[in-house]
Amino acid sequence: MTEIQERLATGRGKWTPEFPELGTEPVNYDDCTSPEFFQREREGVFRQAWLYVGRSELLPRKGSYFTRELPGKLASIVITRGLDGKPNAFHNVCAHRGNKVVWQEHPQEESGGFCREFHCKYHGWRYGLEGKVSHVTNESEFFDLPKDTLRMPKLACEEFAGFIFVSLAENPPPLRDFLGDRIGELEQYPFEKLTQRYGFRAHIKGNWKLAVDSVSEWYHPPYVHARFLDKDISKAEKLVPPIDSYHYDLFGPHMITSVPGPPQLPPRKPGELGPAVKDQKWVYRLFRAGLFGPDDTPPEIGPLPEFLNPGGIRSWSNDQFWLFPNLYVQIWGRGFYITYTYWPESVNTHMYDIDIYFVPPKNAQERLAQELIVDSTIEFAMQDVNTIEATQSGLETGANRQFHLSDQELLIRAFHKTNRDAVAAYEAEKGEVR
Ligand code: FES
Ligand SMILES: [Fe+2]
């Protein structure tokens, strides 16, 4: 072990044996290549679960709204802040003849803004903020129109810690029950102070679960991310934290990992760059920021809530909360957070959204520091993406179908099982036999 690795080592033993239900056998990856499983997963997971669609900042006041095109034609929806202050969600489909009601320049593009009611662009029917029909053009020409019951079809919609979720299921459990107590602790984090958002979207040629896999283990960084560490792989291997310095936990369908990282630079005098740090790139030193965040944590964040760093990692960097099925909330010790969402479009493509949130910058230096963090994060994510596309190509040959997962790939083992189990449970409930 190198000095860095010795400093971070905890001597913690194995994790997988603590979850005997997961087994230790090789894992079959047909769930990433089978079109038939893709359809079952769509019904059993994506049409049943609570799905994160956007932050509450998108609905700052009564009458605010935004639309979402859930990929793979899963649904086209409108989310509004009603007159009662609560969020509503409904399908973006007119009750008259099915036109998409809310859009701006192009019907396939998402939009948002503020309004009192929505007007269908086809024949002028109007809808209130809850999605109910409020006006029918030439109403007297219709026959027995049950106007009071007409609406854009309603969806379950709830807000938690400023995250807005919808469910396409008819009777989903309350969101808070679905999230459970451990995820519930996220409410203690001051998300509402981090309103500076940098958002990115990419379309990836790989099954969405391969993307989840790629951020669920820290076995790959010396190889996939060598450019960040050291081009000489043997040196890069010595720079990554040891296997035992990570902390894992599984609870219900959700999961958490805590991750170590480099220590923060000491505070500096205003207007000064601070001491040079060995081996640090000049741009990191100048802006005091990099992949692991800024060295000057914004004071607005205050002391971090106690639920973070549950494993007591010595040089803690971030906690990654996996909210089944497709949201990953990563809270960093240095005062910022990132959401990653993975939306299946087809069995071998998905849409990848990365949103990085900070306290709004107070000056140019802070803004540039944030941009440097964003740039590093996106570069890091895109390095993973290349591997995902290569893995999908490899899997689709069918040459290998069973794969060996190590102890530090515990979350991958758990995630694929949780997903398969959710599909099976849904089918069993429906009385479908497989
Ligand atoms: S389809 Fe909307 S008013 Fe006719
Ligand atoms: Fe990675």
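Colleague: Which residues coordinate the iron ion (ligand 2)?
Modeller: This is a predicted model: local features need pLDDT of at least 70 and side-chain atom pairs 80 or more, while totals for chains, interfaces and linings use all residues. Residues are numbered from 1 along each chain as its sequence is written, chains are lettered from A and ligands numbered from 1 in the order in which they are written, and side-chain values use heavy atoms, without hydrogens and water. Donors are N, O and S atoms within 2.8 Å of the metal (3.2 Å for Na, K and Ca), and sites may look incomplete because water is not among the atoms. At 2.1 to 2.5 Å from the iron ion (ligand 2) stand NE2 of H220, NE2 of H225 and, listed twice, OD of D384.

Colleague: Which parts of the chain do H220 and D384 tie together, and how many residues apart are they?
Modeller: The donors follow the spacing H-x4-H-x158-D. H220 is in the loop between α4 (208-214) and α5 (221-224), and D384 is in helix α9 (helices are DSSP runs, H or I, of at least four residues, and strands are E runs of at least two, numbered from the N terminus). The pair therefore links parts whose separation in sequence is 164 residues.

Colleague: Is D384 buried or exposed?
Modeller: Buried means under 20% relative accessible area, exposed over 50%, and partly exposed in between (1.4 Å probe, protein chains only). H220 has 13%, so H220 is buried. D384 has 7%, so D384 is also buried.

Colleague: Which strands stand at the edges of the open sheet?
Modeller: The sheet has 7 strands in the order β12-β20-β19-β18-β17-β14-β13, with antiparallel pairing (at least two DSSP bridges between two strands). Two strands have a single partner each, so one side of each lacks a neighbour in the sheet: β12 (196-204) and β13 (247-251).
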